[in-house]
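Me: Please take a close look at the pairing of aromatic rings in this chain. I would like the surroundings described as well, in one connected account.

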Amino acid sequence: MPSRVQAVHEASGNTFTSVTSERGQYRLAVRAGVYSVAGELSGFAPVRQTGVELLVGQQAVVNLRLALTGVEESITVSGQTALVDLTQ
């Protein structure tokens, strides 16, 4: 299932976004600098890795491990009791 990956250049705040393949692979074309890389997918807790430093011409592998979150559901039941005529 594809998820969203976002890298933020820590000095400038520039944001680079990508979507993973079905196998979880992604590529981002970014400039040299220090980045915060985050991933998110419905049903999983968001994950962030900070301090990812890239040099000119360098390729980096940043593996983000997503953890399952609890599924929350709520059910609301409402109703009225039938009125009973005690005179009959």
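Reply: The accessible surface of the chain in this predicted model comes to about 7,300 Å². Carbon and sulfur atoms account for 51% of that surface. Buried residues make up 18% of the 88 residues.

The fold can be set out before the rings. The chain has six strands and zero helices, and along the sequence this reads as β-β-β-β-β-β. The radius of gyration is 24 Å, whereas the globule rule gives 12 Å for 88 residues, so the chain is more spread out than a compact globule. Along the principal axes, the C-alpha atoms fill a box of roughly 90 × 30 × 15 Å. Of the contacts with a separation of 6 or more, 36% are between residues 24 or more positions apart. Charge can be described in the same overall way: there are 6 positive and 7 negative charges, and the mean positions of the two sets lie 18 Å apart.

Now the part you asked about. How many aromatic pairs does the chain contain? The count is one, and the partners are F16 and Y35. Their ring centres are 6.1 Å apart and their planes meet at 65°. That angle makes the pair edge-to-face, because planes over 60 degrees apart are put in that class. F16 belongs to strand β2, which covers residues 15–19, and Y35 to strand β3, which covers residues 33–40. The two are 19 residues apart, and the pair links distant parts of the chain.

Are the two rings' residues buried or exposed? They fall on opposite sides of a cut-off: buried means under 20% relative accessible area. Y35 has a relative accessible area of 1%, so Y35 is buried. F16 has 21%, so F16 is partly exposed.

A7 touches both partners of the pair, since F16 and Y35 are among its contacts. A7 is in strand β1, residues 4–9, and is buried at 3% relative accessibility. Beyond its neighbours within four places in sequence, A7 is also in contact with N14, T15, L28, S36 and V37. By contrast, S74 lies 67 residues from A7 in sequence, and 35 Å separates their C-alpha atoms.

Strand β3, which holds Y35, also holds E40. E40 is partly exposed at 39% relative accessibility. Setting aside residues up to four places away in sequence, E40 touches S3 and R4. The residue pair E40 and S21 is 19 residues apart along the chain, with the C-alpha atoms separated by 14 Å.

Further along, G43 sits in the loop between β3 and β4, the latter being residues 44–45. G43 is partly exposed, with a relative accessible area of 39%. Residues up to four places away aside, G43 touches L68 and T69. The C-alpha atoms of G43 and G70 are 7.7 Å apart, with their positions 27 residues apart along the chain.

To return to the pair itself: F16 and Y35 meet edge-to-face, Y35 is buried, F16 is partly exposed, and A7 is in contact with both.

Note on methods: Residues numbered from 1 in each chain as written. Predicted model: local features only at pLDDT ≥ 70, side-chain atom pairs only at ≥ 80, totals over all residues. Heavy atoms only, no water. Helix = DSSP H or I, 4+ residues; strand = E, 2+ residues; numbered from the N terminus. Rg over C-alpha atoms; globule rule 2.2 N^0.38 Å. Buried < 20%, exposed > 50% of the residue type's maximum accessible area, 1.4 Å probe, protein only. Contact = heavy atoms within 4.5 Å. Areas by Shrake-Rupley, 256 points an atom, 1.4 Å probe, with all protein chains shown as cover. Lys, Arg positive; Asp, Glu negative; His and termini not counted. Charge placed at Lys NZ, Arg CZ, Asp CG, Glu CD. Phe/Tyr/Trp six-rings, centres within 6.5 Å; stacked < 30°, edge-to-face > 60°.
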